[in-house]
Amino acid sequence: MQACIQRVRRANVTVGQQFVGQIDRGLVVLLGVAGSDDEIDARLLAEKIGSLRVFDDPAGKMNLALADVAGSVLVVSQFTLLSDCRKGRRPSFTAAAPPERAEPLYEQFVALLRRQGHKVQTGRFRAAMQLELINDGPVTLIIDSQSLR
């Protein structure tokens with residue numbers, strides 16, 4: 001699984017004109033599921049993201065985790081994170097899991113974050129979405145679940 005994590009002041013995701021997910025202070029997680037990913041990847045990534053210390057303490061150092069700041073998470077599926085742009089001008093997405101395999105792992109990832117006690121909002125799987133956010137810092141991190149094994 002590939003995750004692009006952004007620390008935000010607020011964020012929302014819409015489908016058409018309808019808000020489907022909205023958070024204030026917290027993390028936006030753009031999540032891509034690879035064809036080789038499994039439940040272990042979902043668990044390792046949820047554990048890592050749920051405990052990342054990326055929020056500033058009173059001294060201005062990134063020492064606080066999501067729970068320490070009563071933050072929320074907005075998880076949005078994004079298969080394009082698995083793109084391969086090495087050849088030609090059109091990205092290849094063959095590394096991305098097919099939707100029927102990716103959606104259960106996406107849902108498991110969300111459920112694992114909720115089990116950790118985090119407030120989680122989501123986009124809508126397989127929908128064309130518009131994501132609006134205010135990146136705080138900016139702080140943006142990329143994590144590959146394979147690096148956590």
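**Salt bridges, a pocket and some unusual backbone**

Asp84 and Arg86 form a salt bridge, with the closest N and O atoms 2.6 Å apart. This is a predicted model. Asp84 counts as partly exposed, at 28% relative accessibility. Arg86 counts as exposed, at 73%.

Other salt bridges share partners. Arg7, Arg9, Asp56 and Asp136 are joined into one network in this way. Across the whole structure, a search finds seven salt bridges.

Take the pair Asp136 and Arg9. Their side chains meet in a salt bridge of 3.4 Å, N to O. The pair links distant parts of the chain. Asp136 sits in strand β8 and Arg9 in strand β1 (residues 2-15), 127 residues apart. The two ends differ in accessibility. Asp136 has a relative accessibility of 17%. The cut-off for buried is under 20%, so Asp136 counts as buried. Arg9, at 55%, counts as exposed.

A second long-range pair is Arg149 with Asp38. Here the salt bridge is 2.7 Å, N to O. Arg149 lies in the segment after β8, while Asp38 lies in the loop between β3 and α1. The pair therefore ties together parts that are 111 residues apart in sequence. Asp38 is partly exposed, with a relative accessible area of 22%.

Now turn to Asp37. This residue is also found in the loop between β3 and α1 (39-51). Which side chain of opposite charge is nearest to Asp37? It is Arg149, but at 6.2 Å. A salt bridge needs a nitrogen and a carboxyl oxygen within 4 Å, so Asp37 has no salt bridge although it is buried. Its side chain does have a polar atom 2.7 Å from a backbone nitrogen, that of Ala34.

Next comes the largest pocket. About 360 Å³ of space lies in it. Its lining has 22 residues. Ser77, Gln78, Phe79, Arg126 and Met129 lie nearest the centre of the pocket. Four elements give two or more residues to the lining: β3 (26-32), β6 (72-77), α2 (99-115) and β8 (130-144). What is the make-up of the lining, by nonpolar, polar and charged residues? There are 16 nonpolar residues, five polar and one charged.

Arg126 deserves a second look. The residue is found in the loop between β7 (119-122) and β8. Arg126 is exposed, with a relative accessible area of 65%. Its phi is positive, at about 70°, although the residue is not a glycine.

Ala70 also has a positive phi, near 50°, and is likewise not a glycine. Its place is the loop between β5 (62-65) and β6. At 53% relative accessibility, Ala70 counts as exposed.

The backbone has another feature to inspect, in strand β8. A cis peptide bond joins Gly137 and Pro138, with omega about -5°. Pro138 itself is placed in strand β8. Asp136, of the salt bridge with Arg9, is in strand β8 too.

Last, consider Leu81. This residue is in the loop between β6 and α2. Leu81 is partly exposed, with a relative accessible area of 28%. How far apart are Leu81 and Gln116 in sequence and in space? They are 35 residues apart in sequence and 25 Å apart in space, C-alpha to C-alpha.

Terms used: Residues are numbered from 1 along each chain as its sequence is written. This is a predicted model: local features need pLDDT of at least 70, side-chain atom pairs count only at pLDDT 80 or more; totals for chains, interfaces and linings use all residues. Side-chain values use heavy atoms; hydrogens and water are left out. On a 1 Å grid over the protein atoms alone, a cavity is a set of points where a 1.4 Å probe fits but cannot get out, and a pocket is an open set with protein on both sides within 12 Å along at least five of seven lines; lining residues have an atom within 4 Å of a point. Grid points are joined across faces, edges and corners, and a volume is the space filled by probe spheres set on the points. Ala, Val, Leu, Ile, Met, Phe, Trp, Tyr, Cys and Pro count as nonpolar, Asp, Glu, Lys and Arg as charged, and the others, Gly among them, as polar. Buried means under 20% relative accessible area, exposed over 50%, partly exposed in between (1.4 Å probe, protein chains only). Lys and Arg count as positive and Asp and Glu as negative; His and the chain ends are not counted. A polar contact is a pair of N or O atoms within 3.5 Å; within protein, one must be able to donate a hydrogen and the other to accept it, and residues adjacent in sequence count only if both atoms are side-chain atoms.
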